[in-house]
Structures are given as C-alpha cells and as structure tokens.
Amino acid sequence: MSDSPAARLQALFEGHRLTPTQRRIAHCMVRGAAEVPFLSSVELAELAGVSQPSVTRFAVALGFDGYPALRKHLREVAPAERAAAVGEDSSNEYQQAVLGEIENLRQLAEMLADPAPVEEAGRLLAASTPLPVLGLRAASSQARGFAYFAAKVHPDVRLLDEGGSMMEDRIDAALYEGATALLCFALPRHPREVVDTLERARKAGLTVVTVADSAFAPVARHSDLLIPAPVGTGLAFDTACAPMLLGRVLLEAMADALPDAQARLEAFDTRAAARGLFVE
C-alpha cells in the first residue's frame, strides 16, 4: 500500500463510524493531506464547509482529546514541510484546475501501488454474467464509457444510466439471469437514488464494486469493495479524470480475468476491418 500522506490519513480514518459531516471533513483532509497538519481548526472547518465544533467532535471521534492532539499526530506522520505547489502563485484558474487534476492522478497512481483491490474487482466483474454497470447524473458518462469498452470483452454488459421506477426491475432481471456483481460509478453530488439502488442490490445478493470520489462517500456503506479516485473541484463543475482512468484500469483487470478477452478483441477487429468501420 502507498505510504503517501493521503494514504496514511485514510488509514487513520478507516474503521471509524463517521457521520456524513465527519466523512466530509475526512475527505477534505485526504485531499489536502500535505497542508492539513498546518491548519487551525477554524481553517479546516472553512475548507471543509463545516462548523468549528464539528472539527472538534471529529477529532474526538477518532480517539483524540481534541483537534490540537489530532494536528500534533498529523505533523508526526505527515511531511515536515508543506508540499510546494508547482506554479501555484503564477498560475491562472484554468491552469490551477489542470494542476489539481495532475495531483489527483498522482494520488491515484500511489493508491495503485497496491494492485490487490483492483485485481479483486476485475475478478468479481469478470465472473458476473450479465454485468450491470450503474452511473447516474454526473457519473453517467463514466458508466457509459466503461460499458462501451467492456462490451468488447465481456459477453453481457447492462448499462444503467437512467434512473426511475424501472431501475429495480432491470436489476432484478440481471439477477434472474445470473448476475453476481454490480459496478457503480458514484460522483458528487451523489443522487439519493444511487444510494437506495445499491442498498437494494446488496440485499438482493449482488456484490457491489464502486468507483467513488472518496472512501467516505455516501455510497461507501452500501459497497462491498470501494476504490476511490478524487475529483477536481477547481472549476464551476467537477472534473473527473482520475475516476475515468480508474475505470480503464478496472477494464484492464477485468479483461485479464476473462479467458477469451483477447479472442473477442481480435474477432471485433476482424469484423471492423471487413465493414470498413474505422478510417485509418
């Protein structure tokens, strides 16, 4: 497992039952792991968009006497000085957004130093036929992109990117036809319908694999295996380069677990060439 400041922070939070407000603080701290040890409780509260007493209660929930004790601990496990942000002082807001996404991808690379969760997810997804892939609203493009490529190597992929009363029927149909797992892409703002759908899916017997923006996202408690990939928040609308790349990594892991994946790809290439499907 990665020994980055973000990974050490996440390890500190794991195993604690956190309220939604506390999960928000935890998510904020993981995203700014290099800066957090230098923030006051008031500054952290402002950064996370919560009250200062909420930060104090969060520290106590983790087993510390208060926020000063938590900050002292963080300074012991985090780097001794602030991480220098490349071009932070001279970059405009558009450059800052790109630099933020580069940092998100760096965090993802560090997390993937331990490939076991992704490999386990690949095996679970490969073994499920059909394979439902869920993503609503902001996450719909991630789900659609995964399903598009997954269909080239997996025999039966079911895209669930529209909510409504038919969602439960479609999951029931997948279960009836042999589905054992469901892949969910969950990005903020998290639709209540996704949380409710995952809860029902697990109760029905599906193993839920989730790609979310944080290990503390609302979908975490309804996921059997959650792999986090941070989103960028520097623009008016969130950017999701890391979740998209993680989806491609999961595709690779799933293909590795499918014995006929290469044969399916070669057969598709042969058909595509015969049809003149692509322009060289």
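How many Å should the 12 residues of α7 span, and how far apart are its end C-alpha atoms? In this predicted model, a rise of 1.5 Å a residue leads to an expected span of 16 Å for α7, and the end C-alpha atoms lie 17 Å apart, which agrees. The buried residues of α7 are V118, A121, G122, L125 and A126. Around the helix axis these residues cover an arc of only 130°, which puts them on the same side of α7. Their packing partners are β1 (131-134), α8, β3 (181-186), β4 (207-212), β5 and α11 (241-257).

Helix α7 (residues 116-127) also holds both members of a salt bridge, E120 and R123, which are three residues apart, or about one turn of the helix. The side chains of E120 and R123 approach to 2.9 Å, N to O. E120 counts as partly exposed because its relative accessibility is 31%, and R123 is likewise classed as partly exposed because its relative accessibility is 46%. An α-helix has 3.6 residues a turn, so residues three or four places apart point the same way.

The strand β5 (residues 225-228), one of the elements packed against the buried residues of α7, contains I227. With a relative accessibility of 1%, I227 counts as buried. Beyond its neighbours within four places in sequence, I227 is in contact with M111, P117, V118, A121, T210, V211, A212, L246 and L250. Among these contacts are V118 and A121, both of which belong to the buried residues of α7. P117, another contact of I227, is separated from I227 by 110 residues in sequence, yet the two C-alpha atoms are 7.3 Å apart in space.

A further helix considered here is α3 (residues 41-48), in which S41, L44, A45 and A48 are buried. Viewed down the axis of α3, these buried residues fall within an arc of 100°, so they line one face of the helix. The elements that cover the buried residues of α3 include α2 (20-31), α4 (52-61) and α5 (67-77), whereas the face turned away from the buried side carries the exposed residues E46 and L47. After α3 comes G49, which has a positive phi near 75°.

The model contains 11 salt bridges in total, including the pair in α7 described above. In helix α6 (residues 93-111), R106 and E110 are four residues apart, about one turn of the helix, and their closest N and O atoms are 2.3 Å apart in a salt bridge. R106 is partly exposed, with a relative accessible area of 38%, and E110 is also partly exposed, with a value of 22%. R106 and E110 are joined with E103 in a network of salt bridges.

Another salt bridge is formed by the side chains of D161 and R144, at 2.4 Å from N to O. This pair links distant parts of the chain, 17 residues apart, with D161 in the loop between β2 (157-160) and α9 (167-176) and R144 in helix α8 (residues 140-150). The two partners fall into separate accessibility classes: D161, with a relative accessible area of 16%, is buried, while R144, with a relative accessible area of 46%, is partly exposed.

Several loops carry backbone features of note. Most residues other than glycine have a negative phi, and most peptide bonds are trans. The peptide bond joining T129 and P130 is cis, with omega about 5°, and P130 is located in the loop between α7 and β1. A cis peptide bond also runs from P188 to R189, where omega is near -5°; R189 lies in the loop between β3 and α10 (192-204). In the loop between β1 and α8, R137 has a positive phi near 50°, although R137 is a residue other than glycine. With a relative accessible area of 70%, R137 is exposed.

Terms used. Residues numbered from 1 in each chain as written. Predicted model: local features only at pLDDT ≥ 70, side-chain atom pairs only at ≥ 80, totals over all residues. Heavy atoms only, no water. Helix = DSSP H or I, 4+ residues; strand = E, 2+ residues; numbered from the N terminus. Buried < 20%, exposed > 50% of the residue type's maximum accessible area, 1.4 Å probe, protein only. Contact = heavy atoms within 4.5 Å. Salt bridge = Lys/Arg side-chain N within 4 Å of Asp/Glu carboxyl O. Expected span 1.5 Å × (residues − 1). Arc of directions from axis to C-beta.
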